[in-house]
Amino acid sequence: MKCRYVIIGAGPTGLGAARRLSELGEKSFIVLEKNSWPGGLASSFKDKKGFTWDIGGHVLFSHYDYYDNLVEELLKGEYTEHLRESWVRVLNSWVPYPFQNNIRYLPNQEKWECVRGLLPGERSEETPGNFMEWIHSVFGKGIAKHFMEPYNYKVWATRPENMAFSWIGERVSVVDLRSVLKNILLEKDHLSWGPNNKFKFPLKGGTGTIFKKLAATVAEHIIYGTQVTGVDPENKSVTDAQGNTFEYEFLLSTAPIDILSSRWLASPAQKLVNAAAALKHNSVIVSGIGLSTPRPDSRCWMYFPENDSPFYRVTNFHNYSPNNTPSPGTGRALMCETSYSSDKVIDKQNIMQQVEDGLVNTTMLKDEERGEIISRWSINVDYGYPVPCLQRDEALKVLQPALESKGIFSRGRFGGWKYEVSNMDHSVMQGVEWAERMINGQPETTYRIS
C-alpha cells in the first residue's frame with residue numbers, strides 16, 4: 001500500500017493530524033494503530049463491574065480555539081464542568097493545592113520551616129543547574145523538604161537533581177514570601193492557580209469517548225491491529241509485524257522517539273542510538289478501586305508526597321461524571337497512579353494490595369470499607385511520562401533534525417518527548433499543526449525543534 005502520508009498511532013496526535021489532513025482536502029493518508037481501539041494514552045476502559053477508568057487523571061482544558069471547537073463538535077454538549085478542588089496529604093493533614101501557597105494548614109513547626117526557607121539570605125541566588133537546585137532557589141528548604149522533593153520523586157520516578165527545569169512554565173506555581181505571610185496571617189486560601197482550575201469531562205465513556213468519536217470522523221483511513229516493526233527511510237516504507245509494507249512520502253510517528261530512532265530505523269546511525277539512549281521515561285500503574293457505597297467528598301484529586309502510600313495521585317473519578325460508576329451517581333471510583341523506573345523500584349505483583357493499604361493510611365478509605373470494594377482494576381503503562389532529564393534537550397537536537405532530513409516527523413507526548421507540551425490539547429494540536437505545515441507550509445508553533 002502506498003500513501004502520501006503515513007501516520008503511526010491513533011492517539012491524540014495521530015488523530016489530530018488525520019482529522020486536519022481530511023479537513024484540508026487530503027485523501028492519501030493512512031493511520032496505523034497497534035491496538036484494536038483509538039486513543040492511545042487517552043483511552044478509557046469499562047471494567048467487568050461497570051466502572052469506567054481512564055489511563056490517569058485526564059481533564060479537559062485548552063489553550064486553543066481549534067481544540068475547543070473540536071471537542072464541542074464531538075461531545076455535542078454531553079460533558080460535565082468542574083471547578084478544580086485538589087489537596088495535598090502531608091503530615092497527617094490536608095493542605096489545599098498549590099501546597100506552596102497554602103502552608104498555613106501545616107503544624108506550626110513545619111509552617112515555620114517553610115517560611116524560614118523563604119527569608120532573605122536563605123535561598124541561593126546562583127543560577128540553578130538542575131531541577132533540585134531550582135526547587136531550593138524558588139521555594140526554599142522547608143517547602144522543598146515537605147512537598148516539592150518527595151512529590152516530584154514519586155511522580156517522575158527520577159531524582160530531581162537528574163532533571164532539568166526548563167520545562168516548568170505554567171506547570172508549577174512559584175511563590176513569594178509576601179503572599180505566604182499574607183495567607184497565613186489573614187487565614188486566606190489561594191486555590192485558583194493554574195490553567196486547569198476549570199475543566200470539563202465527558203458525560204459518558206471517560207476521556208476515551210472523545211477520541212473514539214474523533215476516530216470515527218476518519219475511520220476509513222485507520223488500520224487497527226498494526227504493530228510497526230520497522231521504518232526504512234531510504235525506501236520510504238514502514239513494515240508491520242505481519243510483514244505488510246506501507247510506502248509513504250512523509251511519515252508522522254507518534255510512537256516513542258527512542259524506539260523509532262534506535263529500534264525501528266533501518267541501520268540507524270550510532271549518534272541516533274546514543275541520543276535515544278539518553279532519553280528517560282517513567283512507567284505508571286493506574287489502579288482503580290471501585291466501591292458500592294458513596295461517601296461525600298467534593299475533591300477532584302489529591303497529591304501524596306509521603307511514603308505511607310505508593311501512589312502520587314488519587315482521583316475521585318466518580319465526581320468527574322456520574323456515569324463513571326455502574327449505577328450512575330452512586331458508589332465511588334478511586335483512581336490511583338503509581339510510578340516506577342529503574343531508579344524507583346516497586347513491587348508490581350502486590351501493588352493493588354499496597355494501593356488499598358495506602359488508601360486506608362491516608363484516610364481515603366476506612367479499614368471497615370474494604371468489604372465494600374466490588375472492583376479492582378489496573379493497567380500497567382510502560383511509557384507514562386517523558387522525563388525532562390538533563391540530557392533531553394541535547395538528545396532531541398540530534399534526533400529531530402536527523403529524522404526530519406529523512407522525511408520523518410516525530411510528534412506527540414512521546415514522539416516529541418516534551419512534557420511541557422503534552423497535555424491532550426497540546427498533543428492534538430501537534431498533529432493539527434503538522435498537517436497544516438505539510439499542506440499549507442504553515443510553521444508549527446506548539447512543538448518547536450530548537
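Start by selecting Ser-237: with 10% relative accessibility, it falls below the 20% cut-off, so Ser-237 counts as buried. Keep in mind as you look around that this is a predicted model.

Now colour by secondary structure and stay on that residue. Ser-237 sits in strand 11, which covers residues 237-240.

Who are its neighbours? Leave aside residues up to four places away in sequence, and select Gly-230, Val-231 and Asp-232; Ser-237 touches these three. Then add Thr-245, Phe-246, Glu-247 and Tyr-248, which Ser-237 touches as well.

Next, zoom out and select the whole chain. In cartoon view, you can go looking for 12 helices and 21 strands. The radius of gyration is 23 Å, close to the 22 Å that the globule rule gives for 450 residues, so the chain is as compact as a globular protein of that length. Turn the C-alpha trace around and you'll find that it spans about 65 × 55 × 40 Å along its principal axes.

Back to burial, this time for the full chain: 58% of the 450 residues count as buried, Ser-237 being one of them. Switch on contacts if your viewer allows it. Among contacts with a separation of 6 or more, 73% are between residues 24 or more positions apart.

Now show the surface. The chain exposes about 18800 Å², and 48% of that comes from carbon and sulfur atoms.

For a last stop, colour the charged side chains. You'll have 50 positive and 52 negative ones on screen, and the centres of those two sets lie 1 Å apart.

Terms used: Residues numbered from 1 in each chain as written. Predicted model: local features only at pLDDT ≥ 70, side-chain atom pairs only at ≥ 80, totals over all residues. Heavy atoms only, no water. Helix = DSSP H or I, 4+ residues; strand = E, 2+ residues; numbered from the N terminus. Rg over C-alpha atoms; globule rule 2.2 N^0.38 Å. Buried < 20%, exposed > 50% of the residue type's maximum accessible area, 1.4 Å probe, protein only. Contact = heavy atoms within 4.5 Å. Areas by Shrake-Rupley, 256 points an atom, 1.4 Å probe, with all protein chains shown as cover. Lys, Arg positive; Asp, Glu negative; His and termini not counted. Charge placed at Lys NZ, Arg CZ, Asp CG, Glu CD.
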